[in-house]
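Subject: Structure for your files

Hello,

Here is the structure I said I would send. My notes on it follow below.

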Amino acid sequence: MEREIQVIAPTPKPKFLLDGSKLLPNQKRVAAYCRVSSDKDEQLNSFDNQVDEWRQRLANDPNVILVDIYADEGISGTSEEGRLEFQRMIRDAKAGKIDKIVTKSISRFARNIQTSINIARELKAIGVEIYFDNEHISTLDPSSEMLFTISAIMAQEESRHISDNVKWTFNKKKKEGVPMVSSNLLGYRRDPNNEKNLIIIPEEAAIVKEIFELYVQDVGTNEIGRIMQSKGYLTRRKGTKWYNSTIEGIITNEKYCGDLLLQKSVTIDFLNHKRVRNEGIEEQVYIKNNHEPIVSREIWEKAQLIYARNREKFRGANPDSRKYASQYPLSGMLVCLKCGDTFKRRHWTQGYPTPRIMFQCNGYVLNYAEDKCGAKPISEDIVLKATTEVINRVYFDKGKALTKLMNNIALHTEAGNIQEQIDDLKRQKESLEDEISDVITKKQNTMDEIEKIVLEKQYKERIIDYRELDMKISELECKAREAELSKLRLLDMSKNIGGQRLTAETLTKPIVNTCLQAIIVVNRHELVFVLPNNEKANYHYIKEKRASLVEHTPLLEGDVTLERRFRDEHLHYKVVLV
């Protein structure tokens, strides 16, 4: 039997319009994509022209059924993120609603090579064509793929060039002192008549002043947030919820004392526009007395010292302990001898004749069964009684504890030449930078291999010296900050304590913060009070040294007793210096 070969012509799958009507064989469902990257007038005119042009051109072709004109206004083309119309168009194409996409140019479609090529190939695989009018390129034409790739590379390079121009303009403005200020900065608006100036908004400035005044009184950021919320104040974004980060952002913003720090963050990738904190990546410019301040420099500087102190104190601490560290007089102050975690304030209603407030180790409260700390809870009222007695004995009875503490702090604050040492080391560092640059230049220019080896050795030696100088400067800056904190503590001692002996009812968080560094809970019947002297005594240090601290020779010790309904409660305490 003779073989028969039959060729079967392709039968295109029928296509339908949105109204359900069938598409004729020679008709195509076409979409147009338009985009401009800014909302300036000339760009918007270009945008309107693009839309009108495509609408007219596509309407005059009888074989074209216009699906839609997808248009992104004032959006960058280096990323799909934010281009909602672009994303909708791609979804519609993949859903089988579009046969062909037309756009002015590759740079209008996307300035990212990877985005352009990936999307073109994805749509080509399902038979959807993209036509670039300026370049006369169709993605369905096999011969044009290389030309398309080259054009996409050029579009990306054009975007890089634009990014560099924007950076140059920004750097120029930065050095001229033009503030790059968010339009929703609480308390300020940009002056429409002078781009270098900021104008104070009185009603918002009053909120900022209140936040600073509370903070320098040692009111915690969580408590300040609750106060702001209770008064119905709105945040810079017109929200009613005041988060911890919101308060911290205000406290640490130099603009409120009239200064201006430019280039706080930088864009590290022009394609995805990702910005990161500028920590030594690019140069910054700090302008002092740039505009009218909302708070005095004295209050600003005190707030920064308190902020630095609090960060040092709770560095590495459990997030839960930090959250409530300024809510009650003893919050965040008690450290467990067994596991080193802080104690959490809890309301107990079972096991006692009346409800009682207890402190319980976070190592027990937050950890799973196998990791639980075995420390027993301790009642708040007896700790408050012991704390009040300790502060009264140390700061009012003028015993040897106070004398030794004051001597320690005074000794610490006498380091007036610290800044001179820092300045001298910085000058040495600058000189060393010049030497390193000279060695690098000589190494690049020499052809002598022996000389290269000698220069490489010199380079490594100078780099080691440079790093050592850096470390010394950091240590001295830390010491200078501690000295300032010591002075602040001396001032706070006289201001917060006053001349009247304390009771458990008059004990406040600022007083506890001023007078004590930590309270180590040995067990439910024994406490060790640690007096401050700012020598590395943050939470991490106390946690690490807790076992040795409880063994220190006490400056003083004593006992307190609380009468209970069934059995009196006793507690022994010791006072030590870090």
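**Small antiparallel sheet**

Methionine 358 stands opposite serine 379 in β15. Please keep in mind that this is a predicted model. The pair belongs to the contact between strand β14 (residues 356-361) and β15, which run antiparallel and are joined by 2 bridges. Next to it, phenylalanine 359 has isoleucine 378 of β15 as its bridge partner.

On the other side, β14 is joined to β13 by 6 bridges, and these two strands are antiparallel as well. One of the pairs there is lysine 344 with glutamine 360 in β14. Taken together, the strands form an open sheet of 3, in the order β13-β14-β15, with antiparallel pairing. β13 (343-348) and β15 (378-379) are the edge strands, each pairing on one side only. As for β14, 5 of its 6 residues are buried, so this strand is largely enclosed by the rest of the structure.

**Parallel strands earlier in the chain**

Strand β1 (residues 28-36) and strand β3 (residues 100-103) run parallel, with 4 bridges between them. Within this pairing, alanine 32 is matched with valine 102 in β3. β3 also pairs with strand β4 (residues 129-132), again in the parallel sense and over 4 bridges. There, threonine 103 is found opposite phenylalanine 132 of β4.

**Helix α7 and its neighbours**

Which residues of helix α7 are buried? In this helix, which spans residues 221-230, they are Thr221, Ile224, Gly225 and Met228. They lie on the same side of α7, because they cover an arc of only 100° around the axis. What do these buried residues pack against? Their partners are α6 (202-216) and α8 (244-251).

The axes of α7 and α8 come within 8 Å and cross at roughly 100°. Angles from 65 to 115 degrees count as roughly perpendicular, so α7 is roughly perpendicular to α8. On the α7 side of this contact are Thr221, Asn222, Ile224, Gly225 and Met228; on the α8 side are Asn244, Ile247 and Glu248. Just after α7 comes glycine 232, with a positive phi of about 75°.

**Leucine 507**

Leucine 507 sits in the loop between α15 (449-497) and α16 (509-515). Is this loop residue buried or exposed? Its relative accessible area is 4%, and under 20% counts as buried, so leucine 507 is buried. Leaving out residues up to four places away in sequence, leucine 507 touches Pro329, Leu384, Thr387, Thr388, Ile391, Leu502 and Val512. Of these contacts, isoleucine 391 is 116 residues away along the chain, with 9.6 Å between its C-alpha atom and that of leucine 507.

**The protein as a whole**

The secondary structure comes to 17 helices and 19 strands. The protein has 578 residues, of which 42% count as buried. It exposes about 32700 Å², and carbon and sulfur atoms supply 50% of that area. How many of the contacts between residues at least 6 apart in sequence join residues at least 24 apart? The share is 62%.

Regards

Methods
Residues numbered from 1 in each chain as written. Predicted model: local features only at pLDDT ≥ 70, side-chain atom pairs only at ≥ 80, totals over all residues. Heavy atoms only, no water. Pairing = 2+ DSSP bridges. Buried < 20%, exposed > 50% of the residue type's maximum accessible area, 1.4 Å probe, protein only. Contact = heavy atoms within 4.5 Å. Areas by Shrake-Rupley, 256 points an atom, 1.4 Å probe, with all protein chains shown as cover. Arc of directions from axis to C-beta. Axes fitted to C-alpha atoms, helices over the stretch in contact; angles between N-to-C directions. Parallel < 35°, antiparallel > 145°, perpendicular 65-115°, else oblique.
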